[in-house]
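Trainee: Got a minute to go through this one with me?
Mentor: Yes, put it on the screen and ask away.

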Amino acid sequence: MLSEIRLYNTKTKNIEEFKPIKEGEVSIYSCGPTVYHFAQIGNLRAYVFADTLRRMFVSAHYNVKHVINITDVGHNTDDGDNGEDKMEKGSRREGKSVWDIAKLYTDAYFKDLIALNIPIKDYIFPRATDHIPEQIELIRSLEKKGYAYVTNDGVYFDTAKFKKYADFAHLDVEGLRSGARVEENTEKRNITDFALWKFSPKDEKRQMEWESPWGIGFPGWHIECSAMSMKYLGHHFDIHTGGIDHIPVHHTNEIAQSVCATGEKFVNYWVHNNFLIDAVGKMAKSSDDFLTLSTLIEKGYDPIAYRYFLLTAHYRKELSFSFEALDASNVAYKKLVFWCVEHKTEEGSISKHYKNLFKESLYDDLGTPACVAQIWNLIKDESLSDNDKYTTLMYMSAVLGLNLHLAEKEKAVDMPHNVKELLNHRKKSREEKNWEESDKLRDEILNLGFSVKDTENGQEVSKI
Ligand code: AMP
Ligand code: ZN
């Protein structure tokens, strides 16, 4: 018997009991990165949230199918039909082809996911450019049913034909119309209509363009998510996630296209994460100066401490980023690691009481802050043996993706970045059996105030 999971559904604005379409299975689609630049740490909040959602279902014994798309074409800087193609922007910025840009930043994205303990082998990552025929097919079926029309610069979806268009995001279409700038495309029938296919400019060959029944061009941004979610998860699937910025345009358009093309239900639960903000506001990639996970790592933070930081806030609440706040999480996470190093055992058993409290918090709309609080209550609880605490903690860590089973001495010691780097070099030189270099590095580390012992579990470091 599966326990009850409750999630806030943007569609109904209510917390609802989760009921899968197929017993014991859950299908999830998460809007993924536009790979024209590194992910900023705010984007990563969306994926840590999606991964925690996935882990919750796995821990509740569901069979999970989870798709995250890679947007490598068609996403404009204004999220609509104006502005510049983000991929072309990246290409110009770096003097590389769009294809090279896409590869570079897709690889960087996967590296970030791995560092955050988001296991890429457990996901399907379809690329928009690998699914052009599927997108064309979907546009054709919309055209056949009378939902699409052709203008001078592309094929558009006629939102007036979908009566429920404004319902999902509670859009004030009248207000949008009166507040609109002078439209660049005067052939658009309604202010909310959006491009399904854009034509390449007549006097220019784009780096990414394809033949289509309407002319050479490329897909609009929204159609990829309808085409790829339905290809991998079916016309009707359980959960769709993304940041709250996607509600009024991207997800509203996805619903319109999908429902009109198939005539079926599309998604049962729409679950959206709130933003990571800083002193200026929403953290965004488009601001030229943004924080990446690599920068945090270079500054000496463990990426899992960043994951821990994200979990201390509820996914539907705005979270303020500051280095002071991250430091507090870093210290708390290290304390946990240190506790695990000291109490590692294979003898204990999971405390039913704490497992239930933890599950209750988690199943209550993914209440990760309460889960984190349960971890600390567990550790402070004097009525439990350390062995049982450790074993219960391992269960909690696995569900939250905190990697505490990997706790090693060197992780727990508060080490400056340069010492970490020397340790990494030393590890490499030992793997290459370069003992001379390894000894030299040990001395350098010693000079910085840390001693290294080689054990069968690797290098053990302590402060001297
Ligand atoms: P993008 O790569 O810009 O298409 O965004 C990828 C994902 O990150 C989307 O689900 C966005 O909604 C989400 N996102 C963007 N900025 C933030 C932020 N500051 N905090 C949380 N999520 C964000
Ligand atoms: Zn999407």
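**A helix, some loops and the whole chain**

Mentor: Start with Ser438, which sits in helix H16, residues 435–447. Helices here are DSSP runs of H or I with at least four residues, strands are runs of E with at least two, and both are numbered from the N terminus.

Trainee: Before we go on, what kind of model is this, and how is it numbered?
Mentor: This is a predicted model, where local features need pLDDT of at least 70 and side-chain atom pairs count only at pLDDT 80 or more, while totals for chains, interfaces and linings use all residues. Residues are numbered from 1 along each chain as its sequence is written, chains are lettered from A and ligands numbered from 1 in the order in which they are written, and side-chain values use heavy atoms, with hydrogens and water left out.

Trainee: OK. Ser438, buried or exposed?
Mentor: Ser438 is buried, at 0% relative accessibility. Buried means under 20% relative accessible area, exposed means over 50%, and partly exposed is in between, using a 1.4 Å probe and protein chains only.

Trainee: What does Ser438 contact?
Mentor: Arg426, Ser429 and Arg430, leaving aside neighbours within four places in sequence. A contact is heavy atoms within 4.5 Å.

Trainee: What comes just before H16?
Mentor: A loop between helix H15 (417–431) and H16, and Lys433 is found in that loop. Lys433 has a positive phi of about 55° although it is not a glycine.

Trainee: Why point that out?
Mentor: Because most residues other than glycine have a negative phi. Lys433 is also exposed, at 59% relative accessibility.

Trainee: Where else does a non-glycine do that?
Mentor: His61 has a positive phi of about 70° and is not a glycine. His61 lies in the loop between helix H1 (41–59) and strand E4 (63–68), and it is exposed, with a relative accessible area of 66%.

Trainee: Stay with H1. Is Arg54 buried or exposed?
Mentor: Arg54 is in helix H1 and counts as buried, at 7% relative accessibility.

Trainee: Which residues does Arg54 touch?
Mentor: Ile28, Val64, His66, Pro119, Asp122 and Tyr123, not counting residues up to four places away in sequence. For Arg54 and His66, the C-alpha atoms are 7.5 Å apart, with their positions 12 residues apart in sequence.

Trainee: Where is Ile124, then?
Mentor: Ile124 is in the loop between helix H3 (98–115) and helix H4 (132–144). Ile124 is partly exposed, with a relative accessible area of 27%. Its contacts are Lys65, His66, Val67, Ile68 and Tyr232, again not counting residues up to four places away. So His66 is touched by Arg54 and by Ile124, by the definition of contact as heavy atoms within 4.5 Å.

Trainee: New topic. How long is H7?
Mentor: Helix H7 covers residues 247–262, and its end C-alpha atoms are 21 Å apart. The expected span is 1.5 Å times one less than the number of residues; for the 16 residues of H7 that gives 22 Å, which agrees.

Trainee: How much of H7 is buried?
Mentor: 13 of its 16 residues are buried, so H7 is largely enclosed by the rest of the structure. Just after H7, Gly263 takes a positive phi of about 70°.

Trainee: And Ser320? Where does that one sit?
Mentor: Ser320 is in strand E13, residues 319–320. It is partly exposed, with a relative accessible area of 47%. Ser320 is in contact with Ile277, Phe309 and Ala325, leaving aside neighbours within four places in sequence.

Trainee: Now zoom out. How many helices and strands in the chain?
Mentor: The chain has 16 helices and 15 strands. Buried residues make up 55% of its 464 residues.

Trainee: What is the radius of gyration?
Mentor: The chain has 25 Å, which agrees with the value near 23 Å for a compact globule of 464 residues. The radius is taken over C-alpha atoms, and the globule rule is 2.2 Å times the number of residues to the power 0.38. Along its principal axes the C-alpha trace spans about 75 × 55 × 35 Å.

Trainee: What about contacts between distant parts of the sequence?
Mentor: Among contacts between residues at least 6 apart in sequence, 75% join residues at least 24 apart.
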